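Let's take a quick tour of a protein model, a few helices and strands at a time. Keep the picture open while you read, and find each piece as it comes up.

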Amino acid sequence: MEIPHIHPDTIEAVQQEVDIVDVISEYVVLRKRGKDYLGLCPFHNEKSPSFSVSQDKQVYYCFGCGVGGNTFKFVMEIGKQSFAEVVLDLARRYQIPVKTLEPEKRQEIQRQLTLREQLYEVLAVTANFYQHALQQSQGKHALEYLRAERKLANKTISQFQLGYAPGGWETLYRYLVEQKRYPVSLLESCGLIKQRSTGNGYYDVFRDRVTIPILDIRGRVIGFGSRTLGDDKPKYLNSPETPLFDKSRTLFNLDKAHKTIATEDRAIVVEGYFDAIALYTAGITNGVAALGTALTSHQIKQLLRYTASKQIILNFDGDNAGIKATERAISEVKDLVYSGQVQLRVLNLESGKDADEFLLSRSDAVDIYRKSLDNAPLWINWQINNLISGKNLKAADEMQQVATGMVRLLNRLQDANQRNYYLNYCAEILSQGDARLVSQNLASLQSQLSPSYRKNFKIRKTKKQAHNPKSQRTGNGSRYPLGRASGVSPDDVSSTFLKEDAMGEPSDLMVVAPRSPISGGADLSGNPICEAVSRGTSSNAPSVRVATSPETQLLTEAESLLLLIYIHCPRYRENILEKLEDKDLCFSLSHHRFLWQQIIEIETKNPEKIKLEKDFLLTCLHNNIVNYPEYVNLIIPFLHLEEKTEEDIFRAAARIENAIASLELVNCIKYKIYCTEQWKKLDPITEKQAMSELYQEIQISKKRIEELEKMRIAYSQDLIVNS
Ligand SMILES: [Zn+2]
């Protein structure tokens with residue numbers, strides 16, 4: 001979509017609505033320091049935070065590298081977006097109506113905004129429907145379950161908008177589609193119905209279940225959790241991922257809890273919906289629940305926005321599964337934990353109860369729970385306790401096990417003070433009250449710790465070696481995975497191609513020097529796709545491949561595919577055009593450009609026939625090509641499908657994605673090389689500013705290259721799996 005000129009009113013409204021701390025917190029963990037917030041600068045490498053954000057002034061500034069500006073500037077820089085894109089993006093996220101200077105474009109933007117609005121609407125209507133059904137005779141057993149087994153009061157049931165999804169296969173479907181006249185596709189996008197695998201028609205995702213709406217921070221329904229009332233599996237079922245609902249970035253009850261999290265300066269994370277609800281009704285209103293099993297770093301970062309001292313208490317079940325879940329959560333956020341960016345504590349309740357069970361178990365449960373929160377051990381003490389628990393420290397082998405576990409734990413701590421503290425702590429535990437043994441144990445633990453400076457040194461050395469151009473440039477250009485059976489694993493690709501340099505300098509500059517990617521196809525003979533693919537995938541001779549640069553190879557394949565699909569599958573034409581336009585891509589190889597030009601000419605001259613006659617384009621191309629003898633051999637293969645190419649077209653949608661990512665990747669690589677060449681030419685003393693700008697560009701390209709590589713690998717795997 002072309003970016004329109006945005007009306008100043010909209011810019012003003014976005015500026016008023018959006019909070020800079022909110023926006024930056026999505027990228028940087030911010031801690032409150034006096035009036036302002038402080039974090040690690042996302043624009044330069046640093047170990048101690050010098051990036052400051054002022055909520056009063058709505059600006060940021062880095063004392064390390066000097067970057068600064070307002071919210072718009074931040075999002076522009078971090079996402080490499082234009083001003084208008086940023087305004088639109090923020091307007092979309094904050095539900096601010098967009099006015100443009102060109103009225104004709106307003107409609108398209110409004111349409112996109114409206115889709116999200118419609119999803120919200122359908123979900124809200126559904127939540128009402130479920131709520132209503134809970135009070136009807138069909139929902140009697142569900143209501144009974146909530147009252148009797150969960151001990152929930154009517155007030156709580158309505159506060160959390162709990163409901164009942166009726167037992168039929170199409171109850172919700174009928175209500176929303178036949179009665180309310182919502183389009184089926186909208187319901188599907190909301191994850192409320194699914195297409196039947198046999199025959200036609202749709203069925204409700206949630207049937208005979210208690211439903212628990214999941215709300216976003218602004219209190220809008222974005223999905224549902226549910227619990228079965230029969231023997232249906234699974235016991236708990238959530239909405240699938242949708243444009244509004246991203247499990248890894250959503251926490252149940254954050255909408256109600258965030259204010260208390262801020263005032264009490266700590267957040268509690270429990271396992272289940274009913275735990276969070278039980279806490280809330282008991283007056284402990286800073287509890288949230290993770291959705292599904294593992295807590296993600298995105299979720300933790302969300303919580304950290306609200307607690308100035310970064311205190312989070314994990315209160316998962318105390319049974320084995322709960323302990324495993326806690327350990328998984330700790331390791332999921334280990335970067336934040338080991339570096340001390342979050343004060344993570346772990347609360348296990350007596351006899352393995354979860355919060356819900358515990359609060360119902362005795363009359364003074366709430367008091368005890370609050371006291372337990374205050375006394376919850378830090379995650380590392382909790383892990384040390386787990387190491388010792390059940391072990392007989394008098395037995396030599398068990399003692400040894402404990403000591404080994406301690407060393408492993410201590411080695412992960414990045415902060416030297418913290419490590420020293422726990423070194424002593426562990427030594428004391430191992431000494432079992434015998435003061436004479438402490439210094440001995442301390443020394444022996446210490447001797448097993450890997451000195452951090454030596455560790456860092458080692459890492460740097462290996463990384464430097466990985467960048468040795470001689471060891472990497474074999475010249476056979478086989479760095480890219482070429483779909484199936486390429487002989488190059490994804491790991492190979494990332495390790496030879498994209499390793500981040502330990503010194504943070506652009507030192508992998510020499511990795512790829514393209515040999516004229518616009519080679520006019522002179523290195524291709526006959527059928528471009530079949531030749532290129534079979535050469536690329538020949539497993540017995542990967543090292544003696546034809547010496548095209550990897551970029552050219554990739555371009556050839558990707559461009560050929562897009563052209564083939566375009567010519568032979570009319571229904572994908574719109575999609576290909578859109579993607580090329582969207583990413584600002586064009587064909588690079590000269591015979592591809594030629595063919596594309598022919599296509600466009602034919603289409604422009606005969607818009608109607610193109611639409612109506614399936615093979616019109618193909619016939620025209622056939623007729624035209626004879627006038628261009630120099631291109632005949634190169635173009636003919638595009639006009640006839642061979643077995644291999646037929647197969648490519650068969651999985652067109654995924655292949656288009658893959659090809660587009662490849663084209664963008666080659667562009668990015670070329671751009672990075674260009675920047676790097678420029679960078680090398682600059683004088684570090686007199687052209688510092690230009691160097692730093694180019695360096696930023698290089699880093700951004702690197703990141704994008706990594707992302708695109710990942711996307712390509714994912715698509716290739718998709719194709720393998722589905723083939
Ligand atoms: Zn900085």
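Right after helix α8 comes Arg181, and its phi is positive, near 65 degrees. Keep in mind that this is a predicted model. From that spot we can look back at α8 itself, then move on to another helix and two groups of strands.

**Helix α8**

- This helix covers residues 171–179, and its buried residues are Leu172, Tyr173 and Leu176.
- Those three cover an arc of only 100 degrees around the axis, which puts them on the same side of α8.
- Flip to the other side of α8 and you'll find Glu178 and Gln179, which are exposed.

**Helix α27**

- Here we have 16 residues, 590–605, reaching 23 Å from the first C-alpha to the last. That is close to the 22 Å expected at 1.5 Å a residue.
- Which residues of α27 are buried? They are His591, His592, Leu595, Ile599 and Ile602.
- Look down the axis of α27 and its buried residues fall within an arc of 105 degrees, so they line one face of the helix.
- On the other side of α27, the exposed residues are Gln597, Ile600, Glu601, Thr604 and Lys605.

**Strand β14 and its partners**

- In a regular strand, side chains alternate between the two faces of the sheet.
- Strand β14 (residues 287–290) is covered on both faces. Gly287 and Ala289 are buried on one side, and Val288 and Ala290 are buried on the other.
- Strand β12 (residues 251–252) runs antiparallel to β14, and 2 bridges join them. Leu251 stands opposite Ala290 of β14.
- Strand β13 (residues 267–270) pairs with β14 too, but in the parallel sense, over 3 bridges. Val270 has Ala289 in β14 as its bridge partner.
- Put helix α11 (residues 273–281) together with β13 and β14, and you get a right-handed β-α-β unit.

**The four-stranded sheet**

- Now find the open sheet made of 4 strands, in the order β6-β9-β10-β11, with antiparallel pairing.
- Which strands sit at the edges? They are β6 (163–165) and β11 (236–238), and each pairs on one side only.
- From one strand to the next, the twist averages 35 degrees.
- Strand β10 (residues 221–228) and β11 run antiparallel and are joined by 3 bridges. If you want a pair to spot, Arg227 has Tyr236 in β11 as its bridge partner.

Key:
Residues numbered from 1 in each chain as written. Predicted model: local features only at pLDDT ≥ 70, side-chain atom pairs only at ≥ 80, totals over all residues. Buried ≥ 20, exposed ≤ 12 C-beta atoms within 10 Å, placed from the backbone. Arc of directions from axis to C-beta. Expected span 1.5 Å × (residues − 1). Pairing = 2+ DSSP bridges. Right-handed = clockwise from strand over helix to strand, strands pointing away. Axes fitted to C-alpha atoms, helices over the stretch in contact; angles between N-to-C directions.
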